[in-house]
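Welcome, and thank you for looking at this structure with us. Please take a moment with the sequence and the 3D view before reading on.

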Amino acid sequence: MQLVRLKANCFRNLTEFDLEFSPGFNFIYGPNGSGKSSLLEAIYFLSLGRSFRSSLASRAIQYDAKSFNLFSIILGQCSTTLGLEKIRQGKTKIKIGNNTNSISELVKLLPLQLINPNSYYLLSGGPRARRQFIDWGVFQVEPQFFQVWQRFQRVLKQRNAALQQQVPMNQIKVWDLELTEAANEITLLREKYIQQLTPLINELIKKLLTLQGLSIEFYQGWDKKISLGLVLNSSIGRDYKLAYTQFGPHRADLLIKLNGYPVHEVLSRGEQKLLTCALQLAQGILLKKITAKTCIYLFDDLFAELDPVKQNMLMHLLHGLEAQVFITAIEENLIKELETSALGKIFQVEQGKIIEKIKFKNPFLYNEEII
């Protein structure tokens, strides 16, 4: 997928803009607080309908406005328009073409990966971030996943509500059969996805890092040697006391270790950044392999904690993906020092105003002259 054009008004500290992007690299530079991350945030909204900077979407609306509006042209197997309006009271309006759509349809239309200073949380944070990582990928490649996931969430909510209300145990067990059926379906889809993804992760790691003893293991949320039905039955007493369901797909995790230790405990910040890149780029590669859709990549502050050699190594890897990439940097010189900097567009952001500085050749059409 490719974001051809983006218009926005009343978004963060950015002045109203109408930009056309390169199908390859798009470099955005400017001082801290100028609005670089806000531009990436606007693109992120188009893919997930929410912000990566705040749980309160209303904070992305300029203080004197009632809403912000985003309009874009998307190029994939066919061209379409995408519009999103966020109203301060919380309501989101999404239009794909002439139709009103849901956020799940938005995610399908514009698959996107964000790598920013908080991406370390994928390695060092709790299991929730890694479950979301897995489920984003499964959702993109398995059409039935979302419906099964919704069914599981509904039954889990009902079972937990019964536990909180201290309903008799025999009534709580009524939910276990449907919960187990949905859980097993989700787990099979997750396992299949991880089996396909792991070789790609290992291949990318070899290009970016030297890591001996790295292991990636999927924990399904309960002991895989025992059926979930038996686990729920044996743990019902403690579930009753705790007032929530202890085991199931909602407790799944991706265990990433180096010689038996969690990677965030033994790797440097730069190594963690490259490992996170490998994980997320692998998802984009697998998405393209299975669905022919190309992921869009957002890199906020790419150059932090990476030396010039690693920067160029990562950039050449990105170029080989033939994907659209957005990269922010504080200084223009950091961009011009990259060997791939002439393959795209450069934008300057200053006090909320975005200016296109240079137009370069299409990185995927090498016979095209530089404009």
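What follows is a short tour of sheets, helix contacts and a few loop residues.

This is a predicted model, in which local features need pLDDT of at least 70 and side-chain atom pairs count only at pLDDT 80 or more, while totals for chains, interfaces and linings use all residues. Residues are numbered from 1 along each chain as its sequence is written, and side-chain values use heavy atoms, with hydrogens and water left out. Helices (H or I, at least four residues) and strands (E, at least two) are DSSP runs, numbered from the N terminus.

## The six-stranded sheet

Let us begin with an open, antiparallel sheet of six strands, in the order S2-S1-S4-S5-S6-S7. Two strands are said to pair if DSSP finds at least two bridges between them. At the edges lie S2 and strand S7 (99-100), each pairing on one side only. At one of these edges, strand S6 (residues 92-96) and S7 run antiparallel and are joined by two bridges, with Ile 96 opposite Asn 99 in S7. Helix H1 (residues 36-48) packs on this sheet and touches S1, S2, strand S4 (67-75) and strand S5 (79-87). The direction of H1 makes about 110 degrees with that of S1; such angles run from 0 to 180 degrees between N-to-C directions, and axes are lines fitted to C-alpha atoms, for helices over the stretch in contact. Contact here means heavy atoms within 4.5 Å.

At the other edge, strand S1 (residues 2-9) pairs with S2 in the antiparallel sense over four bridges. Ala 8 has Phe 17 in S2 as its bridge partner. In a regular strand the side chains alternate between the two faces of the sheet. Strand S2 (residues 17-20) shows this alternation: Phe 17 and Leu 19 point to one face and are buried, whereas Asp 18 and Glu 20 point to the other face and are not. Buried means under 20% relative accessible area, exposed means over 50%, and partly exposed lies in between (1.4 Å probe, protein chains only).

## The three-stranded sheet

Another open sheet has three strands in the order S9-S10-S11, again with antiparallel pairing. Its edge strands are strand S9 (214-219) and strand S11 (261-262), each of which pairs on one side only. Strand S10 (residues 253-258) pairs with S11 over two bridges, and Lys 257 stands opposite Pro 262 in S11. H7 packs on this sheet, touching S9 and S10, and its direction makes about 170 degrees with that of S9.

The loop between S10 and S11 holds Asn 259. Leaving aside residues up to four places away in sequence, Asn 259 touches Gln 212 and Gly 213. Asn 259 is exposed, with a relative accessible area of 56%.

## Helices against helices

The table gathers three helix pairs.

| Helix pair | Angle | Axis distance |
|---|---|---|
| H7 (residues 176-208) and H12 (residues 308-320) | about 140 degrees | 10 Å apart |
| H5 (residues 145-164) and H7 | about 145 degrees | 9 Å apart |
| H4 (residues 127-141) and H11 (residues 269-291) | roughly 10 degrees | within 10 Å |

How do the partners meet in each pair? H7 packs at about 140 degrees to H12, which makes H7 oblique to H12. Angles under 35 degrees count as roughly parallel, over 145 as roughly antiparallel, 65 to 115 as roughly perpendicular and the rest as oblique. Leu 204, Lys 207 and Leu 208 in H7 meet Lys 310, Met 313, Leu 314 and Leu 317 in H12.

H5 passes H7 in a left-handed crossing, a term used if the near helix is turned anticlockwise from the far one by less than a right angle, with right-handed used if clockwise. Among the residues in this contact are Trp 149 and Phe 152 of H5 and Leu 179 and Ile 186 of H7.

H4 and H11 are roughly parallel to each other, and their crossing is right-handed. Residues in this contact include Phe 133 and Trp 136 in H4, and Leu 279 and Leu 287 in H11.

## Two loop residues with positive phi

Most residues other than glycine have a negative phi, and most peptide bonds are trans. Asp 301, although not a glycine, has a positive phi of about 60 degrees. Asp 301 sits in the loop between strand S12 (296-299) and H12, and is partly exposed at 29% relative accessibility. Gln 351 also has a positive phi, near 50 degrees. Gln 351 lies in the loop between strand S14 (344-350) and strand S15 (353-359), and is exposed, with a relative accessible area of 74%.
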